[in-house]
There are 2 protein chains.
Amino acid sequence: MSKYWSNIVKKISPYVPGEQPKDKKYIKLNTNENPYPPSEKVLKAISAAVNESLRLYPDPACESLRNTLAKYYGIKASEVFVGNGSDELLAFSFMAFFNPGDTIIFPDITYSFYEVYSSMFSVNYRLIPLDDEFNVPVEEFFTENDGIILANPNAPTGKALPLQSIRKILEKNDDKVVIIDEAYVDFGARSSVPLIKEFENLLVIQTLSKSRALAGLRVGFALGSEQLIEGLDRVKNSINSYTLDRLALIGAEEAIKDHEYFCEIRDKIINTREWVSKKLSSMGFKVIESKANFIFISHPKINGRLLFEKYKENNILVRHFNSPRIDNFLRVSIGSDEEMNIFCEKTKEIIESLN
Amino acid sequence: MSKYWSNIVKKISPYVPGEQPKDKKYIKLNTNENPYPPSEKVLKAISAAVNESLRLYPDPACESLRNTLAKYYGIKASEVFVGNGSDELLAFSFMAFFNPGDTIIFPDITYSFYEVYSSMFSVNYRLIPLDDEFNVPVEEFFTENDGIILANPNAPTGKALPLQSIRKILEKNDDKVVIIDEAYVDFGARSSVPLIKEFENLLVIQTLSKSRALAGLRVGFALGSEQLIEGLDRVKNSINSYTLDRLALIGAEEAIKDHEYFCEIRDKIINTREWVSKKLSSMGFKVIESKANFIFISHPKINGRLLFEKYKENNILVRHFNSPRIDNFLRVSIGSDEEMNIFCEKTKEIIESLN
């Protein structure tokens with residue numbers, strides 16, 4: 001604690017990202033990265049842009065990338081905002097749409113950064129408890145609020161909400177901004193993007209970090225009505241006019257254009273998720289039905305923290321959250337088939353050693 | 001104006017960056033970019049990093065780059081913070097060190113983004129008028145305040161403050177954070193970095209956009225006491241854990257390491273600035289003595305806005321600020337000798353055509 005810190009900075013508990021160990025080689029199933037490389041076309045386009053033009057500022061309006069995204073999703077470029085990863089977009093959304101002292105609502109089990117933003121921007125929140133199977137109780141989102149955030153699929157559970165539930169939430173909250181965080185949507189959930197034309201209060205946030213295998217490039221985007229996008233633009237231009245560098249802009253554009261490769265690696269990950277889920281179920285695990293590139297699992301007889309430690313001893317990193325209701329679960333990112341075969345083998349060994 | 005916007009977003013007037021025209025080819029002297037390409041070693045290192053590792057998140061702690069900067073400046077890595085350009089660092093500093101309702105002070109003529117941040121983060125400001133020669137009246141910074149920001153050299157004037165003036169300001173404000181924005185310091189001003197060991201209230205902010213010719217890569221850094229750096233870290237980790245992508249991290253590191261190339265292009269720009277300043281003086285311009293990679297000029301007989309338009313007609317972009325006291329001045333970035341020869345020739349023609 002320092003006397004130079006603002007009151008907010010004294011108070012906040014910053015987010016802790018999954019560990020990025022440098023001590024040895026792990027099978028890294030802890031930060032939901034894509035096991036496959038980015039598209040060759042992305043790498044080629046970035047390579048071609050590594051030249052003397054890096055002395056010049058990027059386009060602050062990011063027009064080319066926004067046009068590409070607009071075309072891909074069948075909307076207008078003025079309905080697209082791009083930024084430095086979906087976390088930055090979420091932070092900008094808090095500043096753009098919520099006032100200090102407002103009370104927003106989100107599930108008690110969800111992306112833990114939402115609580116951090118609330119604290120950072122002095123926004124209150126009311127947690128809506130998921131049921132025992134981690135389902136979202138949709139009617140609870142019809143209560144009074146100053147804004148809503150829902151991750152779909154939810155993290156860290158991987159459970160998806162049907163589109164008609166989101167539609168109902170939008171209808172019942174038409175004077176409040178409803179943010180649907182679709183970081184993992186490409187792995188099997190239904191996107192809310194088609195609802196943008198109907199609901200001016202809907203903001204959909206996506207990222208290139210997961211399904212486009214570009215976590216290292218830092219690009220996310222938000223889709224919504226022109227007035228929401230203009231709100232985000234006003235925040236950006238009051239903080240940092242150029243949040244995306246020239247290489248990220250070019251790489252992101254190629255990633256969106258290479259739809260074929262995107263489908264290929266997405267399908268591979270979904271297939272792997274399905275067989276791993278079955279295998280773990282057959283080993284006695286409770287496996288929450290996932291529409292994401294991770295699974296959320298617990299074992300009836302083995303403590304979650306202990307299991308996390310055992311995987312780590314076996315050079316496998318997964319994610320354990322020391323939070324109420326989910327401290328017996330582990331979030332396991334879907335790696336390649338080869339990695340998941342090793343994961344399943346090691347799981348078998350660990351269970352046997354503890355029985 | 002939208003009913004969905006927060007009160008702040010309704011109120012703010014975002015910053016407007018210098019134009020990046022796409023209609024035709026200009027000699028671009030309007031955004032203080034470096035006329036020389038980035039170091040070959042930077043381009044080589046980035047090229048080598050355009051590979052499948054882009055699927056993985058960058059190091060959120062940016063350790064390697066922070067170690068390189070710490071070694072370069074002879075300080076500890078815990079005294080170094082890196083971010084997405086110096087604008088982001090300034091925004092984080094407002095959140096980290098100033099409270100809503102605080103009153104900070106900065107000159108009436110300076111980087112116009114300081115007013116935007118103040119508005120964005122509900123911080124009040126008192127403007128300290130520069131004298132008629134654009135000098136900073138140092139004693140005026142001994143008055144009561146909740147924080148100070150000084151650009152050194154100042155923008156858009158290019159005038160530098162001597163180190164003993166900054167020392168006095170630090171001494172008289174030892175319980176407040178004093179931010180020295182050194183975006184342009186490498187072009188001839190004295191850096192305050194050596195004062196970091198003495199003053200725990202000093203934060204120095206620099207960028208790779210100007211002297212390292214990497215505006216397109218978006219990297220800035222802040223140097224200061226461990227407690228100030230920890231404050232910035234807490235803000236970053238409450239907004240976006242990964243603000244620098246893998247390619248920016250690697251490019252920035254090589255740029256700092258290639259000291260020889262840095263000196264070479266810096267010296268060329270300083271030499272060009274000196275002869276251009278003399279030439280413009282001989283043509284009757286008032287040329288403020290600059291320690292930056294731009295000059296701030298006015299002509300006794302020609303209106304600043306008109307001159308701006310005339311340059312634009314001649315395919316030369318410079319910057320005009322429609323602000324009190326400086327609306328008769330133009331800020332002209334220092335280009336290559338070739339570009340500045342054309343600039344001087346065109347200047348001569350414009351003056352003659354208007355006389």
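**Close-up views of a predicted two-chain model**

**View 1. Phe134(A) is found in the loop that runs between strands β4 (124–128) and β5 (148–151) of chain A.** In this predicted model, Phe134(A) has a positive phi of about 65 degrees, although the residue is not a glycine. Most residues other than glycine have a negative phi, and most peptide bonds are trans. With a relative accessibility of 5%, which is under the 20% limit, Phe134(A) counts as buried.

**View 2. Arg218(B) lies in the loop between β7 (202–207) and β8 (220–224) of chain B.** Here too a residue other than glycine carries a positive phi, the value for Arg218(B) being near 65 degrees. Arg218(B) is buried, since its relative accessible area is 3% and the limit for that term is under 20%.

**View 3. Two cis peptide bonds precede prolines in the loop between β5 and α6 of chain B, at Pro153(B) and at Pro156(B).** The bond that joins Asn152(B) to Pro153(B) is cis, with an omega of about -5 degrees, and Pro153(B) is placed in the loop that connects β5 (148–151) with α6 (163–172) of chain B. The bond between Ala155(B) and Pro156(B) is likewise cis, and its omega is about 5 degrees.

**View 4. Thr31(A) is a buried residue in the loop between β1 (27–28) and α2 (40–49) of chain A, with a relative accessible area of 7%.** The side chain of Thr31(A) takes part in a polar contact of 2.8 Å with the side chain of Lys28(A). A polar contact of 2.9 Å also links the side chain of Thr31(A) to that of Glu33(A).

**View 5. The largest cavity, with a volume of about 340 Å³, is shown with residues of its lining.** Of the 26 residues that line this cavity, those closest to its centre are Asp87(A), Tyr111(A), Tyr184(A), Lys210(A) and Tyr57(B). Helix α4 (residues 85–97) of chain A gives the most to the lining, contributing three residues. By residue class, the lining of the largest cavity divides into eleven nonpolar, nine polar and six charged residues. The count of cavities of 30 Å³ or more comes to six.

**View 6. The second largest cavity holds about 60 Å³ of space.** Its lining consists of Ser39(B), Ser211(B), Arg212(B), Ala255(B), Asp258(B), Tyr261(B), Phe262(B) and Ile265(B), which divide into four nonpolar, two polar and two charged residues. Helix α9 (residues 259–282) of chain B supplies the largest share of this lining, with three residues. Domain 1 (18–37 + 260–354) and domain 2 (40–257) of chain B each provide at least three residues to the lining of the second largest cavity.

**View 7. The largest pocket has a volume of about 970 Å³.** Of the 48 residues that line this pocket, the closest to its centre are Tyr15(B), Thr110(B), Tyr111(B), Ser112(B) and Phe321(B). The elements that give two or more residues to the lining are α4 (85–97) and α5 (113–120) of chain B. The lining of the largest pocket divides into 23 nonpolar, 15 polar and ten charged residues.

**View 8. Cys62(B) and Cys263(B) are two buried cysteines of chain B, with relative accessibilities of 6% and 18%.** A disulfide is a covalent bond between the sulfur atoms of two cysteines. Over all chains, the structure holds zero disulfides.

Definitions and conventions: Residues are numbered from 1 along each chain as its sequence is written. Chains are lettered from A and ligands numbered from 1 in the order in which they are written. This is a predicted model: local features need pLDDT of at least 70, side-chain atom pairs count only at pLDDT 80 or more; totals for chains, interfaces and linings use all residues. Side-chain values use heavy atoms; hydrogens and water are left out. On a 1 Å grid over the protein atoms alone, a cavity is a set of points where a 1.4 Å probe fits but cannot get out, and a pocket is an open set with protein on both sides within 12 Å along at least five of seven lines; lining residues have an atom within 4 Å of a point. Grid points are joined across faces, edges and corners, and a volume is the space filled by probe spheres set on the points. Helices (H or I, at least four residues) and strands (E, at least two) are DSSP runs, numbered from the N terminus. Ala, Val, Leu, Ile, Met, Phe, Trp, Tyr, Cys and Pro count as nonpolar, Asp, Glu, Lys and Arg as charged, and the others, Gly among them, as polar. Domain bounds come from an automatic or database domain assignment. A disulfide is a pair of cysteine sulfur atoms within 2.5 Å. Buried means under 20% relative accessible area, exposed over 50%, partly exposed in between (1.4 Å probe, protein chains only). A polar contact is a pair of N or O atoms within 3.5 Å; within protein, one must be able to donate a hydrogen and the other to accept it, and residues adjacent in sequence count only if both atoms are side-chain atoms.
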